[in-house]
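Hi,

Here is the structure I said I'd pass on to you. Have a look at it first, and then read my notes underneath.

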Amino acid sequence: MREVAVIGVGMTKFGELWDTPLRDLFAIASANCIEDSGVERDRIQSAYIGCMSSGLFNQQEHLASILCDYAGLAGIAATRVESACASGGLAFRSAYLEVASGASDFVLAGGVEKMNDGADATFCLASAADQEYEVYHGITFPGLYAMIAHAHMAKYGTTSEQLAHVAVKNHRHGAKNPNAQFPMEITLNTVLNAVRVASPLGLFDCSPVTDGGACVMLCPVEEAKKLGKPIIKVIGSGHATDSIALHDRPDLTTIPVVKAAAERALAQAKIGIKNVDFCEVHDCFTIAELCCLEELGVFERGQAAQATVDGATSLDGKMPVNTSGGLKSKGHPVGATGIAQIIELVEQLTGKAGARQLLSPSIGLAQNMGGSGGSSTVHILEVS
Ligand code: COA
């Protein structure tokens, strides 16, 4: 396996972008990424593009071809990657493996989703849950995570106020991110008094419905050096799958797929979670951030909620989490999310994160999750 670096990033602003069609989201993100990388277009051999459901959201399939054609990349090998909300993370892993294997030198990893296009987003998103055992019985994604939250509350005494601290913290970070969908600070009272979506989760416990695109460029470390780029190396890549339906899990408070993907990525990187300086985790709902942090081993089980209240996951905390604002404040265009997480790692590691910049981090981790834990990827990046 060759060593692989990320040498360019680009994204659209995230939000309700009614005037920007799906194909334009990818064209803008990829153009920004290619310009940032300094790589000439004719050197790009391949692209992997994460998208959860362009069929349901936009009635457009055969996606990789149409997106690359519209982005001026017609002719390259292009593959659409789907793993629900982990589609972007899996696109990144696919691109990483293609470069690491020696099959290609310059590969784009992208993600895109246009969720505001007239379709019923709740219906489209639910297609990533188990149709026969969950969706036909009326469950939605907020409903699934509400069940996880109830279980966490029952087992560990987690409270709505502790969950609200996750949202307040992520909005505080997102307020410093010019690409965020909801870049405003909020108070505990705003979260606690908001309309309930699926009790105990209210409006501000939920990630929003978002349009957006994101892209990164990968190449061998040797090529990155020739280009004179800062070396942001991919030192770990983990991927795992599990049952989609929650009733097949032994304990609703655990999301085993996150632990499995993290263990694989950390083993490849030959480090422990304590060596990681900051992370982006999949906070599609406030409870998800807590469960993911406990699966990653950042905190003991049942302790992530109080650690959040105590500030451990804030920009100046021991383990800053979701410095980008996370899915909650930055937005969650599902297929693009995993790539946007990688972009945040790269920006932090290269000192380009602006007002939310951490003090000289050297290792960052991105955890992207499909649905309620049917799949997950974990990537670890290091600046050298
Ligand atoms: N956080 C903060 N504010 C939000 C928001 C969110 N998640 N979603 C919407 N808003 C704001 C809107 O900007 C709007 O504000 P305004 O009245 O000042 O203009 C207001 O709340 C109502 O927006 P609307 O679009 O009508 O909300 P909605 O009721 O249609 O949708 C949710 C709200 C929470 C149901 C929706 O965002 C949702 O389904 N989120 C979960 C997405 C999901 O499941 N993703 C997959 C995860 S696995």
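**What holds the ligand**

Let's start with a contact you can find quickly: a nitrogen atom of the ligand lies 2.9 Å from an N or O atom in the side chain of Lys328. Keep in mind as you read that this is a predicted model.

Two more contacts involve the backbone rather than a side chain. A polar backbone atom of Ser207 is 2.8 Å from a nitrogen atom of the ligand. For Pro208, a polar backbone atom is 3.4 Å from a ligand nitrogen. How much of the ligand does the protein cover? On its own the ligand has 920 Å² of accessible area, and the protein covers 60% of that.

Now zoom out a little. The ligand has 15 residues around it, and the closest are Phe182, Cys206, Ser207, Pro208 and Lys328. Sorted by class, this shell has 12 nonpolar residues, two polar ones and one charged one.

**The pocket**

Which pocket does the ligand take up? The space it fills is the largest pocket, and the volume of that pocket is about 510 Å³. There are 27 residues lining the largest pocket, and those closest to its centre are Cys206, Ser207, Pro208, Val209 and Phe285. If you want to see where some of the lining comes from, colour helix H5 (121-126) and helix H6 (141-156): each supplies at least two of the lining residues. By class, the lining of the largest pocket is made up of 18 nonpolar, seven polar and two charged residues.

**Two backbone details**

Where should you look for a cis peptide bond? Go to the step from Ser199 to Pro200, which is cis with omega near 15°. Pro200 is in the loop between strand S5 (196-198) and strand S6 (201-202).

The other detail is Gln59. Its phi is positive, about 55°, although Gln59 is not a glycine. You'll find Gln59 in the loop that runs between helix H2 (54-58) and helix H3 (63-70).

That's what I have for you, so enjoy exploring!

Technical notes:
Residues are numbered from 1 along each chain as its sequence is written. This is a predicted model: local features need pLDDT of at least 70, side-chain atom pairs count only at pLDDT 80 or more; totals for chains, interfaces and linings use all residues. Side-chain values use heavy atoms; hydrogens and water are left out. A residue is near a molecule or strand if one of its heavy atoms lies within 4 Å of it. A polar contact is a pair of N or O atoms within 3.5 Å; within protein, one must be able to donate a hydrogen and the other to accept it, and residues adjacent in sequence count only if both atoms are side-chain atoms. Accessible areas come from the Shrake-Rupley method with a 1.4 Å probe; for residues, only the protein chains shown count as cover. On a 1 Å grid over the protein atoms alone, a cavity is a set of points where a 1.4 Å probe fits but cannot get out, and a pocket is an open set with protein on both sides within 12 Å along at least five of seven lines; lining residues have an atom within 4 Å of a point. A molecule sits in a cavity or pocket if more than half of its atoms lie within 2 Å of its grid points. Ala, Val, Leu, Ile, Met, Phe, Trp, Tyr, Cys and Pro count as nonpolar, Asp, Glu, Lys and Arg as charged, and the others, Gly among them, as polar. Grid points are joined across faces, edges and corners, and a volume is the space filled by probe spheres set on the points. Helices (H or I, at least four residues) and strands (E, at least two) are DSSP runs, numbered from the N terminus.
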